[in-house]
Amino acid sequence: MSYEAVKKFFEEKNLGDRVVVRDHIGDTVEHAAEAIGCKPEHIVKTMSFLQDGKAVLICMAGDAKVDNPKYKAMFHQKAVMIPGEQVERLTGHVPGAVCPFAIPADVDVYLDVSLKRFEVIYTAGGSLNSTVKLSLPELEKYANPVSWVDVCKGWYVNG
């Protein structure tokens with residue numbers, strides 16, 4: 001169901017061909033990059049957190065990891081991942097397929113600065129075997145983020 005919602009979301013923007021179903025993506029950023037034919041850092045990880053009982057999504061580069069002190073400084077609370085069994089109910093997507101598209105209206109999206117290095121990136125497409133190829137301006141437009149944030153570590157400007 002989630003894939004269909006993402007596909008419809010992009011078809012309504014005349015970008016339906018950007019949502020690609022693949023034979024197999026894999027269970028890691030590295031496997032997804034291999035299946036797509038890109039570098040791991042070009043994979044957008046959309047991490048789901050609970051903030052005051054509400055789902056929040058943070059999109060970050062594939063080589064980035066959440067930096068807990070930065071997260072707490074930005075959001076004034078500890079980073080708490082949504083428990084796996086609640087992810088689909090709160091975000092509209094199953095774990096491993098979460099993306100910032102076709103999500104409930106009350107879910108806030110943030111984009112991490114680790115993504116600003118790239119012209120082209122790949123997000124999940126609402127299923128475990130689908131992806132969406134976007135330019136950074138397209139991601140920013142269609143994810144409709146609250147803002148850009150700097151809450152990650154482990155990535156490098158020339159990554």
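# Cysteines, cores and pockets

User: Is Cys152 buried or exposed in this structure?

Analyst: The relative accessible area of Cys152 is 1%. The cut-off for buried is under 20%. The model is predicted, and in it Cys152 counts as buried.

User: Why does Cys152 form no disulfide with the closest cysteine?

Analyst: A disulfide is a covalent bond between the sulfur atoms of two cysteines. The cut-off here is a pair of sulfur atoms within 2.5 Å. The closest cysteine sulfur to that of Cys152 is in Cys59, and it is too far for a bond because the distance is 10 Å.

User: What is the distance from the sulfur of Cys59 to the closest cysteine sulfur, and how many disulfides are counted?

Analyst: Cys59 is buried, at 0% relative accessibility. The closest cysteine sulfur to its own is in Cys99, too far for a bond at 8.4 Å. Across the model, the number of disulfides is zero.

User: Which strand gives the most to the largest nonpolar core?

Analyst: This core has 43 residues. Those with the most contacts inside it are Phe10, Ile58, Phe101, Leu115 and Leu139. Seven residues of the core come from one strand, residues 54-61, and that top contributor is strand 3.

User: Which residues does Phe10 touch, leaving out those up to four places away in sequence?

Analyst: Phe10 is among the residues with the most contacts inside the largest core. With sequence neighbours up to four places away left out, its partners are Leu15, Gly16, Val19, Phe101, Val132, Leu134 and Tyr142.

User: How many residues are in the second core?

Analyst: This core is separate. Its members include Ile25, Ala32, Ala33 and Cys38. The full count is eight.

User: Which strand gives the most residues to the lining of the largest pocket?

Analyst: The largest pocket holds about 560 Å³ of space. It is lined by 29 residues, and Lys45, Thr46, Gly96, Ala97 and Val98 are the closest to its centre. Elements giving two or more residues to the lining include helix 2, helix 4 and strand 7. The most, five residues, come from strand 2.

User: How many residues in the lining of the largest pocket are charged?

Analyst: Sort the lining by class. The nonpolar residues number 16 and the polar ones 11. The charged residues number two.

User: How many nonpolar residues line the second largest pocket?

Analyst: This pocket has about 190 Å³ of space. Of its 14 lining residues, Pro100, Ile103, Val107, Ala143 and Asn144 are the closest to the centre. One residue is polar and one is charged, while the nonpolar count is 12.

User: What is the phi of Asn144?

Analyst: Most residues other than glycine have a negative phi. Asn144 lies in the loop between helix 5 and strand 8, and it is exposed at 60% relative accessibility. Its phi is positive, near 50°.

User: Where is His76, and what is its phi?

Analyst: His76 sits in the loop between helix 3 and helix 4. Its relative accessible area is 67%, so it counts as exposed. It is not a glycine, yet its phi is positive, about 60°.

User: What separates the C-alpha atoms of Val157 and Ser135?

Analyst: Val157 is in the segment after strand 9. It is exposed, at 63% relative accessibility. Along the chain, Val157 and Ser135 are 22 residues apart, and their C-alpha atoms are separated by 18 Å.

Definitions and conventions:
Residues are numbered from 1 along each chain as its sequence is written. This is a predicted model: local features need pLDDT of at least 70, side-chain atom pairs count only at pLDDT 80 or more; totals for chains, interfaces and linings use all residues. Side-chain values use heavy atoms; hydrogens and water are left out. A nonpolar core is a set of buried Ala, Val, Leu, Ile, Met, Phe, Trp, Tyr and Cys residues joined through side-chain atoms within 4.5 Å. Buried means under 20% relative accessible area, exposed over 50%, partly exposed in between (1.4 Å probe, protein chains only). Helices (H or I, at least four residues) and strands (E, at least two) are DSSP runs, numbered from the N terminus. Contact means heavy atoms within 4.5 Å. On a 1 Å grid over the protein atoms alone, a cavity is a set of points where a 1.4 Å probe fits but cannot get out, and a pocket is an open set with protein on both sides within 12 Å along at least five of seven lines; lining residues have an atom within 4 Å of a point. Grid points are joined across faces, edges and corners, and a volume is the space filled by probe spheres set on the points. Ala, Val, Leu, Ile, Met, Phe, Trp, Tyr, Cys and Pro count as nonpolar, Asp, Glu, Lys and Arg as charged, and the others, Gly among them, as polar.
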